[in-house]
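Let's take a walk through a protein together, one helix at a time. Keep the picture open beside you and turn it as you read.

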Amino acid sequence: MTTRETTQFMPLADADPWPADVPKKLSDKLFTIAFFAIQWPWLARSLSGGSKRDKAALMRVLDLPADALPNLGSWKADTGFLSLIVDHIERNRPQTVVELGAGASSLVVARALQKFGGGSLTSCDQHAGFIQATRTWLNEHGLDADMRATPFTKAPGDWPGIWYDHGQLPDQIDLLLIDGPPWTIHPFVRGSAETLFDRLPVGGTIMLDDGARPGERVVARRWRQRWPNFAFELVNRGTKGTLIGTRLR
């Protein structure tokens, strides 16, 4: 399965992606269920992946077929997030891009890098089958990326739940895209991405998808407190919002 298939409401689920050596906390489970009652309006709005006009415009910029991204929205990226990525790559020409959560963004990033001056993409996702299907999808369009099936491990520091056991990543990351893990693990699960912030050079950029959701707003508040050398801004393009952080010093 890739983003070519029909969008479903909930994120993909593996048989048991949870690492055996990390205990599941009942408090985290209850917190996530309670948080659903808060953020369901944002989840409902996110079912729209963007208008046909916006999608067609994005495909024209990338010189991709009109049907290259047939299904967006819900747990998948929308045209707002994807167009922000393309605009950034065209303007800033990043040489190293790392994304957490593969799919539509993988195709868009790989094509934007190919068209606008090169650069490499490393993509991590916990779904091995999804990674393989996405790799094949990219190859069908003449694109390539370092696609990694990435297991989970215990979340670092004081963040809840689990995090990607991503192994070796580039020492310098010019653009960090965060679209995983899914909120169904914990509303604050993406906060652990800050473990990679030190790898961004001055001018390097972070883009957090679903930035308007209540859980991501809490994450953003903590990041602002912990990382005063970054400027963070919530950009409401598309249905889900994108938190953009730029390293200042």
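To talk about how helices pack, we need axes: these are lines fitted to C-alpha atoms, for helices over the stretch in contact, and the angle between two of them runs from 0 to 180 degrees between N-to-C directions. Two packed helices are described by the angle between their axes and the distance between the axes. Keep in mind as well that what you see is a predicted model.

Start with the overall picture. The protein chain holds six helices and nine strands. Of its 249 residues, 56% count as buried. If you take contacts between residues at least 6 apart in sequence, 71% of them join residues at least 24 apart.

Now find helix α2, residues 52-62, and helix α4, residues 104-115. Their axes are 10 Å apart and meet at an angle of about 40 degrees. That angle makes α2 oblique to α4. From α2, the contact is made by Arg60, Val61 and Leu62, and from α4 by Val108, Arg111, Ala112 and Lys115. Sorted by class, this contact has four nonpolar, no polar and three charged residues.

Helix α2 has another partner to look at, helix α3, which covers residues 79-92. Here the angle is about 25 degrees, with the axes 10 Å apart. How do α2 and α3 lie relative to each other, roughly parallel or roughly antiparallel? Angles under 35 degrees count as roughly parallel, and α2 and α3 are therefore roughly parallel to each other. Their crossing is left-handed. On the α2 side you will find Asp54, Lys55, Leu58, Val61 and Leu62, which meet Thr79, Leu82, Ser83 and Val86 of α3. The contact of α2 with α3 has five nonpolar, two polar and two charged residues.

Stay with α3 for a moment, as its length gives us a nice check. At 1.5 Å a residue, its 14 residues should span 20 Å, and the end C-alpha atoms are indeed 20 Å apart, which agrees. Is this helix enclosed or open? Ten of the 14 residues of α3 are buried, so the helix is largely enclosed by the rest of the structure. The buried ones are Thr79, Gly80, Phe81, Leu82, Ser83, Leu84, Ile85, Val86, His88 and Ile89. What covers them includes the helices α2 and α4 and the strands β6, β7, β8 and β9.

One of those strands, β9, spans residues 242-247 and contains Thr242. With a relative accessibility of 0%, Thr242 counts as buried. Leaving aside neighbours within four places in sequence, Thr242 is in contact with Phe81, Leu84, Met207, Leu208, Gly211, Glu233, Leu234 and Val235. Look back at α3, and you will see Phe81 and Leu84 among its buried residues.

Next, return to α4 and try the length check again. Its twelve residues, at 1.5 Å each, should span 16 Å; the end C-alpha atoms are 17 Å apart, which agrees. Helix α4 is mostly covered, with ten of its twelve residues buried. Among them are Ala104, Leu107, Val109 and Leu113. After the helix comes Gly117, which has a positive phi, near 100 degrees.

Arg111 in α4 deserves its own stop. Is this charged residue buried or exposed? Arg111 has a relative accessible area of 13% and is therefore buried, the cut-off being under 20%. Not counting residues up to four places away in sequence, Arg111 touches Leu62, Asp63, Leu64 and Leu143.

Helix α4 also packs with helix α5, residues 128-140, at an angle of about 35 degrees and with the axes 10 Å apart. This crossing is right-handed. Ala104, Ser106, Leu107 and Ala110 of α4 meet Thr134, Trp137 and Leu138 of α5. The residues here divide into five nonpolar, two polar and no charged. An α-helix has 3.6 residues a turn, so residues three or four places apart point the same way.

For a last stop, look at the loop between β6 (175-178) and β7 (205-209), where Trp183 sits. Trp183 is buried, with a relative accessible area of 8%. Its C-alpha atom is separated by 9.1 Å from that of Glu216, although the two residues are 33 apart along the chain.

Note on methods: Residues numbered from 1 in each chain as written. Predicted model: local features only at pLDDT ≥ 70, side-chain atom pairs only at ≥ 80, totals over all residues. Heavy atoms only, no water. Helix = DSSP H or I, 4+ residues; strand = E, 2+ residues; numbered from the N terminus. Expected span 1.5 Å × (residues − 1). Buried < 20%, exposed > 50% of the residue type's maximum accessible area, 1.4 Å probe, protein only. Parallel < 35°, antiparallel > 145°, perpendicular 65-115°, else oblique. Left-handed = near helix turned anticlockwise from the far one by under 90°. Contact = heavy atoms within 4.5 Å. Nonpolar A, V, L, I, M, F, W, Y, C, P; charged D, E, K, R; others polar.
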